[in-house]
Amino acid sequence: MGVAKQRSAQRDTDGMKKRAIARFWDQQQGTPLPPVTTSTRREVDPSVIIPQDILDPSGKVLVKAGKLNPLDIMPFGMKLVVIDPAQRWQVELAKQEVDNRGQLAVTTMATHIASSSEDGSPAGWDLFNQVQDTIEAPLYLLPADLAARFQILRAPSIVTAEGKHFVVSEVARDSLEERADAQ
């Protein structure tokens, strides 16, 4: 018991905590995406094929087999903004989208967050907190399955819904700068 207490007292728990927090972003994959070079807009059909009726425990049909568009069941009343948080102009785009949200809820997602940077710019928790402070909203990490489902191929991308389709708008830096110059 005495040896255990001695080892426990010698343990640098504060240092262990700091190292664990610093390693956190090394373990988070995110979904790194290439940058947008040309602004584009495309529609994504979210329909899925249900191969057979889905039944409840009593045998009642909950969902019939066939093609199902989730937008027929529930509207998509939000805007999904996907950015590379290391790119200041993309953070500013997210800020604009949050500020000009109108009736839509805005969710901002980071493609990845590096645990360190070679040029001394913010990384890890510093970058994460800096982006949240700038956009004045929560920041989430983009999971690969969500990127695949919405066909998000490059950053920054903005996902909304129109009618029975999702709309993915990829925003190039030059088009954002032109928009700013016009205002």
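Okay, to kick off: is Phe 150 buried or exposed? Phe 150 is buried, at 8% relative accessibility. Keep in mind that what we're looking at is a predicted model.

Let's stay with Phe 150 for a moment. Its ring pairs with the ring of Phe 166, with the centres 4.8 Å apart and the planes at 75°, so we call that edge-to-face. Phe 150 sits in the loop between helix 6 and strand 9, while Phe 166 is in strand 10, so this pair ties together parts that are 16 residues apart in sequence. Phe 166 is buried too, with a relative accessibility of 8%. And there's a third ring to add: Phe 76 joins Phe 150 and Phe 166 in a cluster linked by ring pairs.

Now, who else touches that cluster? Have a look at Thr 160, over in strand 9, which runs through residues 157-162. Leaving aside residues up to four places away in sequence, Thr 160 has contacts that include Phe 76 and Phe 166, along with Met 78 and Val 167. Thr 160 comes out at 17% relative accessibility, and with the cut-off for buried at under 20%, Thr 160 counts as buried.

Searching the whole structure turns up 4 aromatic pairs. One of them is Trp 125 with Phe 128, centres 5.6 Å apart and planes at 85°, so that's edge-to-face. Both of these residues are in helix 5, 3 residues apart, which is about one turn of the helix. Phe 128 is buried at 13%, whereas Trp 125 is partly exposed at 31%.

Right, on to charges. The count here is 10 salt bridges. Let me start with Glu 170, whose side chain meets Arg 42 at 3.0 Å, N to O. That one links distant parts of the chain, with Glu 170 in strand 10 and Arg 42 in strand 1, 128 residues apart. Both partners are buried, and Glu 170 is down at 2% relative accessibility.

Glu 170 also meets Arg 154 in a salt bridge, at 2.9 Å. Arg 154 is in the loop between helix 6 and strand 9, so this pair ties together parts 16 residues apart in sequence. Arg 154 itself is partly exposed, at 28%. Put it together and Arg 42, Arg 154 and Glu 170 form a network of salt bridges.

Last one: Lys 67 and Asp 45, with their closest N and O atoms 3.7 Å apart. Lys 67 is in strand 5 and Asp 45 in the loop between strand 1 and strand 2, so the pair joins parts 22 residues apart in sequence. Lys 67 is exposed at 60%, and Asp 45 is partly exposed at 35%.

Definitions and conventions: Residues are numbered from 1 along each chain as its sequence is written. This is a predicted model: local features need pLDDT of at least 70, side-chain atom pairs count only at pLDDT 80 or more; totals for chains, interfaces and linings use all residues. Side-chain values use heavy atoms; hydrogens and water are left out. Helices (H or I, at least four residues) and strands (E, at least two) are DSSP runs, numbered from the N terminus. Buried means under 20% relative accessible area, exposed over 50%, partly exposed in between (1.4 Å probe, protein chains only). Contact means heavy atoms within 4.5 Å. Rings of Phe, Tyr and Trp (its six-membered ring) pair if their centres lie within 6.5 Å; planes under 30 degrees apart count as stacked, over 60 as edge-to-face and the rest as tilted. A salt bridge is a side-chain nitrogen of Lys or Arg within 4 Å of a carboxyl oxygen of Asp or Glu.
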